[in-house]
Each structure stands twice: as structure tokens, then as C-alpha cells.
There are 2 protein chains.
Amino acid sequence: MPHVEGSMTANQTPAARRLSVTTEDYLKAIYELQVAEGVAQTSAVAKALELAPPSVTGMVKRLAESGLLQHTPYKGAQLTTAGRRMALRLVRRHRILEVYLTAKLGYDWDSVHAEAERLEHAVSDELIERMALALGNPRYDPHGAPIPSKEGVVEEPVLIPLSEIPVGSMAELRQVSDRDAERLRYLARMGLRLGTVFEVVARQPFRGPATVRVSATGARDQVVGHELAESLGCMPRGKEVG
Amino acid sequence: MPHVEGSMTANQTPAARRLSVTTEDYLKAIYELQVAEGVAQTSAVAKALELAPPSVTGMVKRLAESGLLQHTPYKGAQLTTAGRRMALRLVRRHRILEVYLTAKLGYDWDSVHAEAERLEHAVSDELIERMALALGNPRYDPHGAPIPSKEGVVEEPVLIPLSEIPVGSMAELRQVSDRDAERLRYLARMGLRLGTVFEVVARQPFRGPATVRVSATGARDQVVGHELAESLGCMPRGKEVG
DNA sequence: TGCTGATTTTAGGAATGACAAATTATAGAA
DNA sequence: TTCTATAATTTGTCATTCCTAAAATCAGCA
């Protein structure tokens, strides 16, 4: 059952004045941490943006004054409606750009992230909508992440990490993190792509690796480390007659 | 006879460290002023970038210290080889982006400039080369401006402003300024596009307007103000038998 | 309850890049 | 040559946003 993240149709800020690139980076990082972890702690934001923690504290206080988020000292930051709207706009831009670069300009799924990361701050809403139209309004980016609508609504599908799929059952790879290009190249070499259906045939204890059997390509068994497995979002599948 | 602007094959700076967006804006503005006026005066740069003159003096001094240009106080700025190389890289990006947005995403020639102006600072060299390839390595942008090569070589064709084409002779519109979108829309409405061949049938004295007759579209006479005519780069044409 | 280690915040400072006000240089006219 | 209008520069601030070092706070455990 997919649940709905953020849904703002009320346009609070009439003249949404241009935000700095830095501000946009903070909002997006905080949004993504809220989705992944529930809260956005100072140290987590610092790590995501590769900054020192005091820089984050300072910036978060300024963003709170601008009304883009709420800050509870020592607890973390929470986006306001205005802040979430801006963050979702950034996420939409990023993901549409990734699809466009992949589909129209021959980028691989491991190299689009960095390019989109810079472009998302520079493109106009108009350009993004033209790209979306040219692509037939895609719903997922090349890593399986859902694309928020223009209105700022996104369905976050409920997926289960490969690390938690029971041994003996089947699942389909639906989403991977786009952060680490090296990891994406490794997955591609192993034959693990979006939509790949596999069976978990074994798992070692103590956060050990899982062994998966890819159905399609003639039963090749692959060993997937625990940490990698945690970053692979899967949809459980009943065994099918193939 | 076209003449060659800038030709640097020697890669002086080994690790061309990333320049700030601001620095890139200054270099491009100074380059364009040097092409148009020969020199780049402080006030002209300030006007082009919509900044106050003291800001320009300060930045120009810093750019001189970085070795990107030479500054003769009270005289103006001149790009060094390193500065010109960076500027030409920006110009190439800008113009390839304009062609791409026009050809692949349905932009009009009056709206591409602003979009390219922001994107040129965010795209990677790789993306630009992919776009250039997808476009068949175009040589001119949608306003007729020549596109510098990857190596930083550009042929600036010698064109004559419409304001200086003699009455009674024919010419072809080859290049227009991309700065003012309103002006571009006006030209399009008048039927003046790149490649349009026309005859100058009259010109009023004292910087008055010229009257042009567009050959193709059944002898429609158009009156073009002096200032607008100065911004239209034309190639003289012998009268042809049509 | 009170220590202890990790996290967070405060304090102070540096770099970039913009501005206004005041000063100085240049070049053309008298 | 001297004056004067224009252009350019110097000086002093301010806003952003980063950093390091030091102090404060929180949470888990004895």
C-alpha cells in the first residue's frame, strides 16, 4: 500500500523568491533524511552535504527564521509546508533530469546523478516541464525512485530491503540508491537491474551476505554483501510458473 | 574574409580549478565586450552584468591577480590566454545549449537566452559534447552567432550592420543579438529571420529608420529603426535573378 | 542519581562578492 | 595650460556561508 508524502495545493508564499543554491541543497538533504530516517539530525545533514556540523546548525537556524523549517535545538529539523514544497520541487527536477539524460543523451544510470545534482539548481520550471512532456511524464527515475508531480505529490512505494527478504522467497528489484556510482556499476555487472526478479537462496548470519539466484539469466548465483543488500529496495513476489 | 579569434592549443593551466559562477560571468562579459568594442571598460562590464562600477573594479583586480586578465587602471581589462580559453568555453556552452533547447525542446529564439545563461554554469563538458553530437556539431546558434570549437577556436564572420548597407543593394540577415527577447519577437513578427534576403529601398538621414523590402514574401516593405538596424548583422548580396 | 561519551551549539573568524560615498584620473574644451 | 565633465578607483560596510575551537546538552549506564 503506497502512502502519500506531502500534498500542498495551497500556495502559501505568493512570490516564492529565488533561493540560493546552498539553501536548495539543505532543503533537499533534509527532505531526503526525513523520508529515510524520520528526522534530520545536524550530523546527518552535515554528512550528506559534506560540511562541518557547526555550519549546519548555523544554516538551519537561518532557514528556520525564513520559515522553511522548524528547528528544535538538539533534536533536529523538520520542514514546514513551504520548505517541503521547495524540496519536492528540487526532487522532481533531479529525477526528471536523470530520466532525460538517460533516455535522450545516452547517460548510464551510474553517471546521471552528479550531472543532475548541478543542473537541478539551474533549470527553469518550464524546461523541466518540457523535458517531462518529451518523456511522456515518467513516474520513476532510472534508479526506481518515484517522481513527485508538479503539484508536489509523491507516492513512496513501500519496499523491503533485500537484506530483509526471507530466504527461499522471490522478489523483484525495484529501487536502488543513486548516490554511489561505483556501486551502481557493480550492480549492473552482476546483472542486477531494475525489474530483475530473483530468489534469495541463502543468507549468512551476523549481517552476512545474501546469495541470490537471478531467474531470467539461467540461474546465476550472486553473493550480495549485507550493506549493499540494505540499499536495494525490493517488492516481494509469489513464486511464478515460468 | 573571416578572421580567427583566439587559438590556444597550449594548455597552460594543468588543473583548471573550478571557477565561481561570478567569475565565469565576468570572463564571458569581458570577452564579448572585447569582440564588440575592442576593449572592456569598467562601466561597460558593470552595465552588461547589471552591477555597480566599484564592484567591477574590485573583481577585475582579483581576476588580474588570478592571471585570467590584465588590468590597466583607468583603461580597461584584457583577457589573458587562460582567461580567453575559459571565456570561449562558456561561449561554446551557451551557444550549444541554445541550439539544443531550440532544436530538441521546442524553445523559440527569443526565450533560449535566459535559460542558457543559467545552464552554462552548471553543465559538464561531457553533457555539452553529447548535445553537440546529438545536434551534428552545429556551427551557428539560433541567432547566427558562431560556435567556438572544443579547442577554443571561433571564426567571427565579418558582417555589416543593416544600418550601413547602402540603399538600393541587397543583403541577407545573418546574425542578431540574443540579448533582448522582445526585440527578437518583433523581428519574427516582421518576417525578418536568419537567412532572410532583402533590399534596402530607403533610409532616412540623421540616424533615421531604413526601409527594407523582403524579397521572398511578396515585396512587403518594413521600416526598421536605426538602433535596431545597428544590431542586425548582414551579408551583402549581389542582385540575383529570381 | 550522576558520570561519560557523543552530539550539538556558541563564539570568533575568514573568504567571496556586492554596495554607497568619497576621491582621483583622464581627456576634451576653453 | 587650466578647467571640467565623465569615468574609474579607493575606502569602509554588509551579507552569505564556510571553518575551528570551546562550551553546552543529551542519553545511556553504573
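Here are legends for four close-up views of this predicted model.

**View 1. Protein residues gather around DNA strand C.**
There are 19 residues around the strand, and five of them come nearest: Gln41(A), Ser43(A) and Pro54(A) from one chain, plus Ser20(B) and Ser55(B) from the other. So what kinds of residues make up this surface near DNA strand C, by class? You'll find nine nonpolar and ten polar residues, but no charged ones.

**View 2. Helices from chains A and B help build the surface near DNA strand C.**
In chain A, look for α2 (42–49) and α3 (53–65). In chain B, look for α1 (21–37) and α3 (53–65). Each of these four elements supplies at least two residues of the surface.

**View 3. Chain A has an open sheet of six strands.**
Follow the strands in the order β5-β10-β6-β7-β8-β9, with antiparallel pairing. Why do β5 (160–161) and β9 (220–224) of chain A each have one side without a neighbour in the sheet? They stand at the edges with a single partner strand each, so there's no neighbour on the other side. Further in, β6 (residues 170–176) of chain A runs antiparallel to β10 (residues 232–237) of chain A, and six bridges join them. To spot one such pairing, find Val176(A), whose bridge partner in β10(A) is Leu232(A).

**View 4. Chain B has an open sheet of six strands, too.**
Here the order reads β5-β10-β6-β7-β8-β9, again with antiparallel pairing. The edge strands of chain B are β5 (160–161) and β9 (220–224), and each pairs on one side only. For β9(B), the antiparallel partner is β8 (residues 210–214) of chain B, joined to it by five bridges. Zoom in on Val214(B) and you'll see its bridge partner in β9(B), Arg220(B).

Definitions and conventions: Residues are numbered from 1 along each chain as its sequence is written. Chains are lettered from A and ligands numbered from 1 in the order in which they are written. This is a predicted model: local features need pLDDT of at least 70, side-chain atom pairs count only at pLDDT 80 or more; totals for chains, interfaces and linings use all residues. A residue is near a molecule or strand if its C-beta atom, placed from the backbone, lies within 6 Å of it. Ala, Val, Leu, Ile, Met, Phe, Trp, Tyr, Cys and Pro count as nonpolar, Asp, Glu, Lys and Arg as charged, and the others, Gly among them, as polar. Two strands pair if DSSP finds at least two bridges between them.
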